[in-house]
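Trainee: Could we go through this model together, starting with how the chains meet and then moving on to the sheets?

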There are 2 protein chains.
Amino acid sequence: MINAILFDLSGVLYEGDTAIPGALQSVERVQASSLEIRFITNTSRKTRSKLLDDLRILGFKVNPDQVFTAVDAAKSWLQQRGLRPYCLVHENIQGEFSDFDQCDPNAVLMGDAAEAFSYNNLNRAFRLCLGGAPLVGVGYNRYFNSGSQLLLDAGPYIKAIEFAASVEATILGKPSAEFFHQALASTTAAADQALMVGDDVFGDVEGALNAGIQGCLVRTGKYQTGDECKIMGNFHTVDSVVEAVELILGGNC
Amino acid sequence: MINAILFDLSGVLYEGDTAIPGALQSVERVQASSLEIRFITNTSRKTRSKLLDDLRILGFKVNPDQVFTAVDAAKSWLQQRGLRPYCLVHENIQGEFSDFDQCDPNAVLMGDAAEAFSYNNLNRAFRLCLGGAPLVGVGYNRYFNSGSQLLLDAGPYIKAIEFAASVEATILGKPSAEFFHQALASTTAAADQALMVGDDVFGDVEGALNAGIQGCLVRTGKYQTGDECKIMGNFHTVDSVVEAVELILGGNC
């Protein structure tokens with residue numbers, strides 16, 4: 001029995017600047033049902049307010065309290081520890097970290113920095129980590145679909161620094177079980193009464209399963225043929241969020 | 001009983017443009033002895049001829065036949081298979097691959113590309129590998145000492161693409177056992193009669209031990225305090241190549 005549904009955003013509700021066909025209506029059906037709904041995203045190319053604006057412009061009816069972002073989780077983690085992060089993040093979200101003292105950094109934060117993943121910037125991150133600075137990752141996603149092509153996400157770059165400096169990153173956001181549970185704690189549902197719908201077989205589906213949550217992989221966004229064979233465990237695979245919602249509202253989960 | 005000695009170059013004989021104190025004399029002593037000597041390097045910022053020129057300018061007496069490079073090993077591997085590589089390598093060595101058809105690539109070659117490790121270039125490498133192109137790495141080194149600071153080497157970037165595309169690279173050069181054995185095959189020594197002297201505890205020392213060769217770690221170049229605790233197995237740790245040569249010529253290996 002599913003009481004709560006967790007939706008990934010990019011690749012599930014939209015690709016680039018375009019809504020997935022039927023996604024608007026599917027989200028509306030869930031919002032109108034007795035199911036609790038949360039949106040959880042690792043995206044680190046947009047501020048929280050831009051993310052909410054873009055969802056609204058696309059026509060999605062989303063309550064800001066329903067949205068959990070890895071960027072917010074990373075900010076809280078750094079704030080709680082009073083750290084001075086070197087923020088290797090996208091220029092669009094640099095402003096989200098303006099409250100932090102970033103002089104003489106004693107931590108490294110890595111998001112999806114895109115072109116800012118330069119040789120110089122990565123060398124700086126590497127040397128700080130080799131010197132003992134904790135490495136914090138905004139998600140661990142391998143790639144995403146920009147709407148026109150697949151692009152590297154933060155995960156491979158975090159992996160590079162982990163390998164170079166022989167350290168292990170603390171990953172905030174998906175697939176961290178803590179992040180899934182934090183989103184669920186704002187609902188009345190237990191983990192096994194929740195379903196995660198995502199296009200990332202590792203970050204969304206495997207992450208959810210490891211957190212005791214049910215999983216549903218959609219064949220949109222970054223999905224590639226055969227992705228469902230890349231992980232162990234029982235989960236649904238459906239054509240899109242429309243089919244996922246049919247499945248849930250039809251009581252077939 | 002040691003009959004052959006394998007020297008790494010950067011970080012062992014020189015750092016940046018400066019010879020390690022005493023290194024010239026130590027190499028001369030070995031060249032004048034009955035020991036066989038080989039130089040094996042993963043460097044992919046210099047062509048073979050530039051490497052030999054720089055050694056000569058620094059004053060090292062080296063026979064070209066004694067030098068084995070990972071770049072040469074990678075070129076042979078690609079040639080033998082008739083592949084069309086996308087060469088994500090340093091601009092200095094692009095010319096080494098001018099004989100290859102690089103249109104419509106069906107393989108990815110990654111060396112220490114430095115600033116050429118841009119987001120765009122890495123996205124291209126990733127998409128080719130995700131589509132099935134084999135990934136070939138020139139060594140798997142994590143970092144090196146440029147003479148003034150530690151800089152990322154090819155290894156972390158290869159790791160990033162391996163993770164992104166869920167593939168495993170073929171590593172030519174160290175720490176591939178095949179590469180060590182190829183250098184040794186040009187001597188009369190068996191593996192256990194040879195000693196590898198290097199500053200990279202993974203690529204040089206662990207690689208040699210896995211190939212059945214004895215290992216000696218020097219505390220110059222990229223060496224960081226505690227490196228000798230990062231791998232298992234028996235090997236020597238000495239202050240520099242001078243002490244390594246003392247050890248060997250004194251019969252203490």
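Mentor: What follows goes through the pairing of the chains, then the sheets, then the charged pairs.
Mentor: This is a predicted model, in which local features need pLDDT of at least 70 and side-chain atom pairs count only at pLDDT 80 or more, while totals for chains, interfaces and linings use all residues. Residues are numbered from 1 along each chain as its sequence is written, chains are lettered from A and ligands numbered from 1 in the order in which they are written, and side-chain values use heavy atoms, with hydrogens and water left out.

Trainee: OK, what turn lays chain B on chain A?

Mentor: A turn of 180 degrees with a shift of 0.0 Å along the axis does so, giving an RMSD of 0.0 Å, where copies are superposed by least squares on the C-alpha atoms of residues with pLDDT of at least 70 in both. That is the relation of a two-fold axis, and the residue of chain B that comes closest to the axis is Ala160(B), its C-alpha lying at 2.6 Å.

Trainee: And how many residues of chain B are in contact with chain A?

Mentor: There are 31 of them, facing 31 residues of chain A, with contact meaning heavy atoms within 4.5 Å. Because 100% of the interface residues of chain B are also interface residues in chain A, the copies meet through the same surface.

Trainee: What area is buried there, and which residues of chain B lose the most?

Mentor: About 2,700 Å² is buried between the two chains, and carbon and sulfur atoms give 67% of that; buried area is the accessible area (1.4 Å probe) that two parts lose on being put together, summed over both. Tyr119(B), Leu152(B) and Phe163(B) lose the most in chain B, together 31% of what that side buries.

Trainee: How many salt bridges and polar contacts cross it?

Mentor: The rule finds zero salt bridges across the interface, taking a salt bridge as a side-chain nitrogen of Lys or Arg within 4 Å of a carboxyl oxygen of Asp or Glu. It does find 14 residue pairs in polar contact, both at pLDDT 80 or more, a polar contact being a pair of N or O atoms within 3.5 Å, where within protein one must be able to donate a hydrogen and the other to accept it, and residues adjacent in sequence count only if both atoms are side-chain atoms. The largest share of the side of chain B that touches chain A, eight residues, comes from α5(B).

Trainee: Switching to the sheets, what is the strand order in the four-stranded one of chain A?

Mentor: The order is β6-β7-β8-β11 in an open, parallel sheet; helices (H or I, at least four residues) and strands (E, at least two) are DSSP runs numbered from the N termini, and two strands pair if DSSP finds at least two bridges between them. β6 (85-88) and β11 (170-172) of chain A stand at the edges with a single partner strand each, so one side of each is left without a neighbour in the sheet.

Trainee: Which helix packs on that sheet?

Mentor: Helix α5 (residues 154-165) of chain A does, touching β7 (107-110), β8 and β11 of chain A, and its direction makes about 165 degrees with that of β8(A). Axes are lines fitted to C-alpha atoms, for helices over the stretch in contact, and angles run from 0 to 180 degrees between N-to-C directions.

Trainee: Last one, where do Arg29(B) and Glu246(B) come in?

Mentor: Their side chains meet in a salt bridge at 3.1 Å, N to O. Arg29(B) lies in helix α1 (residues 23-32) of chain B and Glu246(B) in helix α8 (residues 241-249) of chain B, so the pair ties together parts that are 217 residues apart in sequence.
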